[in-house]
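Colleague: I have the file open now. Could you take me through the main points of its architecture?
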Amino acid sequence: HYLEMYQRSIDDPAGFWSEIAETFYWKQKWSPEEVCTENLDVTKGPIKIEWFKGGKTNICHNAVDRYVEAGDGAKIAMYWEGNEPDQDGKLTYSELLDKVCQLANYLKSVGVEKGDAVVIYLPMLMELPIAMLACARIGAVHSVVFAGFSADAIAQRITDCKPKVVITCNAVKRGQKLIPLKDIVDASLVESAKNGVTVGICLTYENQLAMKKEDTQWIAGRDVWWQDVVPNFPTRCDVEWVDAEDPLFLLYTSGSTGKPKGVLHTTGGYMVYAATTFKHAFDYKPTDIYWCTADCGWITGHSYVTYGPLLNGATVLVYEGAPNYPDPGRCWDIVDKYGVTIFYTAPTLIRSLMRDGSVYVDRYSRKSLRVLGSVGEPINPTAWRWFYNVVGDSRCPISDTWWQTETGGFMITPLPGAWPQKPGSATFPFFGVQPVIVDEKGREMTGECSGYLCIKKSWPGAFRTLYGDKDRYETTYFKPFSGYYFSGDGCRRDKDGYHWLTGRVDDVINASGHRIGTAEVESALVSHPKCAEAAVVGIDHEVKGQGIYAFVTLVDGVPYSDDLRKSLIMAVRSQIGAFAAPDKIHWAPGLPKTRSGKIMRRILRKIASRQLDELGDTSTLADPGVVDQLISLSDS
């Protein structure tokens with residue numbers, strides 16, 4: 001059945017996707033000739049991807065109102081589990097609609113209009129998806145910033161998208177750690193003001209379980225308590241009907257240069273794609289209780305916590321805390337408490353729980369589980385088997401999904417029960433997706449092979465541009481191989497046609513499912529007054545998948561010390577966030593460079609992973625002696 005549907009999606013994409021799109025509500029239909037317009041070849045003019053252009057719709061209406069109007073208002077839309085096991089809440093679809101409308105009305109009252117940006121810096125409270133939906137309802141463009149990012153990182157994003165409002169909360173507890181989110185936002189607004197961007201309103205939700213109002217820093221005139229204003233607004237708010245190609249959200253992702261890229265997704269194609277991938281990849285049924293452990297600050301939280309599930313009328317679980325708090329059995333406690341049927345998480349979490357042992361899993365029944373999923377990076381076969389055998393009692397298929405912020409939804413993924421799985425393989429492409437593996441010259445390879453993963457032809461969920469940087473959009477994704485979208489990932493196809501992702505081929509590290517640009521970490525290190533130069537590479541890490549390994553050259557005359565190591569790591573934490581902190585600082589009197597000054601990262605990777613017999617030819621280096629110096633300092 002999959003092969004028939006897949007073939008049709010490739011032979012007649014317009015017909016295939018139109019039929020699916022017609023199951024959603026459109027205020028105005030797209031013109032049948034314009035289902036899809038595309039050019040992926042830079043040699044033939046500007047890159048262009050458009051789906052359902054001219055069609056008018058609204059993703060919030062399709063995700064919430066549609067179900068209330070159909071009589072499903074009493075169905076639970078969201079369960080919320082707090083940081084402590086005794087904290088919880090829930091919203092029906094009707095209650096969710098009321099809360100979304102109140103916030104949407106508030107945003108309109110302070111001047112937020114269609115096309116305006118709103119930055120959201122919230123932890124995993126129900127208010128986070130509510131804020132996303134409220135923006136979408138009135139045609140505003142949300143930019144969610146993961147609540148682990150630093151003030152500098154938020155300021156960068158604020159300066160780029162110039163929001164009318166920033167939405168945050170005063171603080172959050174993650175495990176036993178208190179994180180003062182409002183203080184971080186305050187610092188970011190000072191920083192962005194220096195860059196000429198001031199934000200008029202900081203709407204702050206009082207998270208009473210973490211911090212009291214009176215303990216929160218406050219700037220009168222700019223800061224507004226959510227609870228003081230939002231509940232006073234009406235629970236009805238007219239929908240802003242937008243074109244399928246109007247922007248829905250901006251999400252910043254790490255690039256191989258230091259500046260994050262503002263990935264822009266539009267409304268119609270993304271809506272259809274997020275909903276359809278969710279429905280098929282998880283074999284969704286209306287009785288399911290679905291839990292995705294991702295934060296809404298990442299694309300997974302956009303497509304598979306908020307939009308994909310709610311567009312299918314699903315019941316979603318939102319969890320605020322840490323997966324191992326108060327102990328490593330917390331996930332399975334939550335699964336049993338809510339009767340979770342679909343559990344979607346990241347390999348880094350699986351590896352971390354695996355290390356804690358099966359005893360924490362076996363304490364709980366987990367009988368409700370039906371489908372498991374994995375996202376963020378390739379899952380190693382050992383972790384796959386543990387997830388399958390121990391967590392899923394060898395009875396739950398695993399959807400090991402490959403996709404990216406840029407793709408909007410799953411690209412290569414198993415469909416539960418449709419074909420045999422191979423531990424660690426993303427298997428076959430989703431409907432409408434044509435993956436090809438090319439060599440260095442951009443030639444398509446057939447059969448069993450290994451090379452660069454590209455996508456031929458567009459799909460509805462594809463991002464349309466990088467905000468304010470069309471050149472970088474074309475250069476990064478479409479110039480490397482003319483006529484294709486280049487993923488930046490390596491891939492192997494086996495003799496049975498299964499796809500195996502082999503990781504990034506550019507300078508981006510995937511640590512715990514977070515994409516971190518090596519250039520970002522390097523520039524944070526070099527900003528330290530005692531650091532002259534830095535080079536960062538990714539190395540294998542037992543839990544995180546990839547760890548961050550930094551070679552640091554100090555300013556002349558500065559001695560090596562553990563305190564300086566800590567201070568360098570703090571520089572990265574404060575500029576990017578704790579998740580980007582280097583796992584190891586390796587002192588480097590010099591770095592291996594070619595005569596033209598290019599750092600030979602290949603050599604650094606080998607030194608970092610102790611593969612000293614694979615260093616290869618070092619004779620082309622400007623100073624080959626540097627290599628031996630670095631090896632001798634490996635353990636200092």
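Modeller: Certainly; please bear in mind that this is a predicted model. The C-alpha centres of domain 1 and domain 2 lie 36 Å apart. Eight residues from domain 1 and eight residues from domain 2 take part in the contact.

Colleague: Which residues do the two domains cover?

Modeller: The domain assignment places domain 1 at 95-240 and domain 2 at 512-633.

Colleague: Turning to the interior, how many residues does the largest nonpolar core have?

Modeller: That core has 171 residues, and those with the most contacts inside it are Phe-52, Leu-96, Leu-103, Leu-107, Leu-525 and Val-552. Helix 4 (residues 93-109) supplies its largest share, nine residues. Domain 1 and domain 2 each contribute at least three residues to this core.

Colleague: Is there another core apart from it, and which residues are among its members?

Modeller: Another core, of 29 residues, lies apart from the largest one; Tyr-79, Ile-334, Tyr-364 and Phe-387 are among its members.

Colleague: Back to Val-552: what does it touch, leaving out residues up to four places away in sequence?

Modeller: With those left out, Val-552 touches Leu-525, Cys-531, Glu-533, Ala-534, Leu-568, Ile-585, His-586, Trp-587 and Ala-588.

Colleague: How do helix 16 and helix 17 pack?

Modeller: Helix 16 (residues 518-526) and helix 17 (residues 562-575) pack at about 120 degrees, their axes 8 Å apart. The two helices are therefore oblique to each other, and helix 16 passes helix 17 in a right-handed crossing.

Colleague: Which residues make that contact?

Modeller: Helix 16 uses Val-521, Ala-524 and Leu-525, while helix 17 uses Leu-568, Ala-571, Val-572 and Gln-575.

Methods: Residues are numbered from 1 along each chain as its sequence is written. This is a predicted model: local features need pLDDT of at least 70, side-chain atom pairs count only at pLDDT 80 or more; totals for chains, interfaces and linings use all residues. Side-chain values use heavy atoms; hydrogens and water are left out. A nonpolar core is a set of buried Ala, Val, Leu, Ile, Met, Phe, Trp, Tyr and Cys residues joined through side-chain atoms within 4.5 Å. Buried means under 20% relative accessible area, exposed over 50%, partly exposed in between (1.4 Å probe, protein chains only). Helices (H or I, at least four residues) and strands (E, at least two) are DSSP runs, numbered from the N terminus. Domain bounds come from an automatic or database domain assignment. Contact means heavy atoms within 4.5 Å. Axes are lines fitted to C-alpha atoms, for helices over the stretch in contact, and angles run from 0 to 180 degrees between N-to-C directions. Angles under 35 degrees count as roughly parallel, over 145 as roughly antiparallel, 65 to 115 as roughly perpendicular and the rest as oblique. A crossing is left-handed if the near helix is turned anticlockwise from the far one by less than a right angle, and right-handed if clockwise.
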